[in-house]
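User: I am new to reading protein structures. Please take one part of this one and walk me through it closely.

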Amino acid sequence: MNSKQNEVKMIRKGDNEVVFQRYFDAPRELVFECHTKPELMKKWLIGPEGMVLDTCEQDLRVGGKYLYLYADEKGNKSGVYGTFREVVVPETLANTENYIMDMATFDANAPEDPNATFESRTFTTEGKRTLMTHVCRYASPDICKMMVESGAADGMAECYLELDKYLATIT
């Protein structure tokens, strides 16, 4: 693995959109499965420091919902939820993403926030590698700026290093 080639590249597009690109040294089908199968996601999808992916539920179809909850040793939880907008195995995965700010008031059946982030991931085979292009379209320029400045690319890079480790054990 060439770590330089596997860095997360971040490209700003307009006021509300960011494109992240990252290579994986594994076949597209496997990289896609690692992004869509809960039992595989729990092996690499790390959350905030000290938290692990505790709940990973999803109905992987257009209109299907998902819920990812992270928990720490004290039982504190945070997470994201949304709806799948496009699912083309093993090519494309698109969804809304809403952040859970307060578990006490979280209602999985409540309507989605109209300001949800829209994400799409495209998985492309390039030789023996897979290029993932992850587009995030935020509700406003302010939210986009906040996500970029908060180090979203760094957090993503940490997660994908964990995915690299996991892929190395199964390929």
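Analyst: Let us take residues 25-167. The C-alpha atoms at the two ends of this span lie 8 Å apart. The span is 27% helix and 38% strand. Keep in mind that the model is predicted. The span also has a label: UniProt, in an unreviewed entry, places the feature "domain: Activator of Hsp90 ATPase homologue 1/2-like C-terminal" at residues 25-167.

Now the setting. The chain holds 4 helices and 8 strands. Along the sequence they follow the pattern β-β-α-α-β-β-β-β-β-β-α-α. How does the radius of gyration fit a compact globule? A compact globule of 171 residues would have a radius of gyration near 16 Å, and the chain has 16 Å, so the two agree. The C-alpha trace spans about 45 × 40 × 30 Å along its principal axes. Of the 171 residues, 43% count as buried. Sequence-distant parts meet, too. Take contacts between residues at least 6 apart in sequence: 49% of them join residues at least 24 apart.

Next, helix 1. This helix covers residues 28-36. Is helix 1 mostly covered or mostly open? Mostly covered: 7 of its 9 residues are buried. The buried residues are Arg28, Leu30, Val31, Phe32, Cys34, His35 and Thr36. A general point helps when you look at a helix. An α-helix has 3.6 residues a turn, so residues three or four places apart point the same way.

Follow Arg28 outward and you reach Thr124. Thr124 sits in strand 7, residues 117-126. Setting aside neighbours within four places in sequence, Thr124 is in contact with Arg28, Arg129, Thr130 and Leu131. Pro27 makes a good distance check. Thr124 and Pro27 are 97 residues apart in sequence, yet their C-alpha atoms are 9.3 Å apart in space. Why does Thr124 count as partly exposed? Its relative accessibility is 32%, and partly exposed means between 20% and 50%.

One more stop: a loop. Pro90 lies between strand 5 (77-88) and strand 6 (92-100). The peptide bond from Val89 to Pro90 is cis, with omega near -5°.

Last, the outside of the whole chain. The accessible surface comes to about 9500 Å², and 51% of that belongs to carbon and sulfur atoms. The chain carries 20 positive and 28 negative side chains. The centres of these two sets lie 4 Å apart.

How values were computed:
Residues are numbered from 1 along each chain as its sequence is written. This is a predicted model: local features need pLDDT of at least 70, side-chain atom pairs count only at pLDDT 80 or more; totals for chains, interfaces and linings use all residues. Side-chain values use heavy atoms; hydrogens and water are left out. The radius of gyration is taken over C-alpha atoms; the globule rule is 2.2 Å times the number of residues to the power 0.38. Buried means under 20% relative accessible area, exposed over 50%, partly exposed in between (1.4 Å probe, protein chains only). Contact means heavy atoms within 4.5 Å. Accessible areas come from the Shrake-Rupley method with a 1.4 Å probe; for residues, only the protein chains shown count as cover. Lys and Arg count as positive and Asp and Glu as negative; His and the chain ends are not counted. The place of a charge is taken as NZ of Lys, CZ of Arg, CG of Asp or CD of Glu. UniProt positions are given in the numbering used here, feature names are shortened, and annotations may be inferred rather than shown by experiment.
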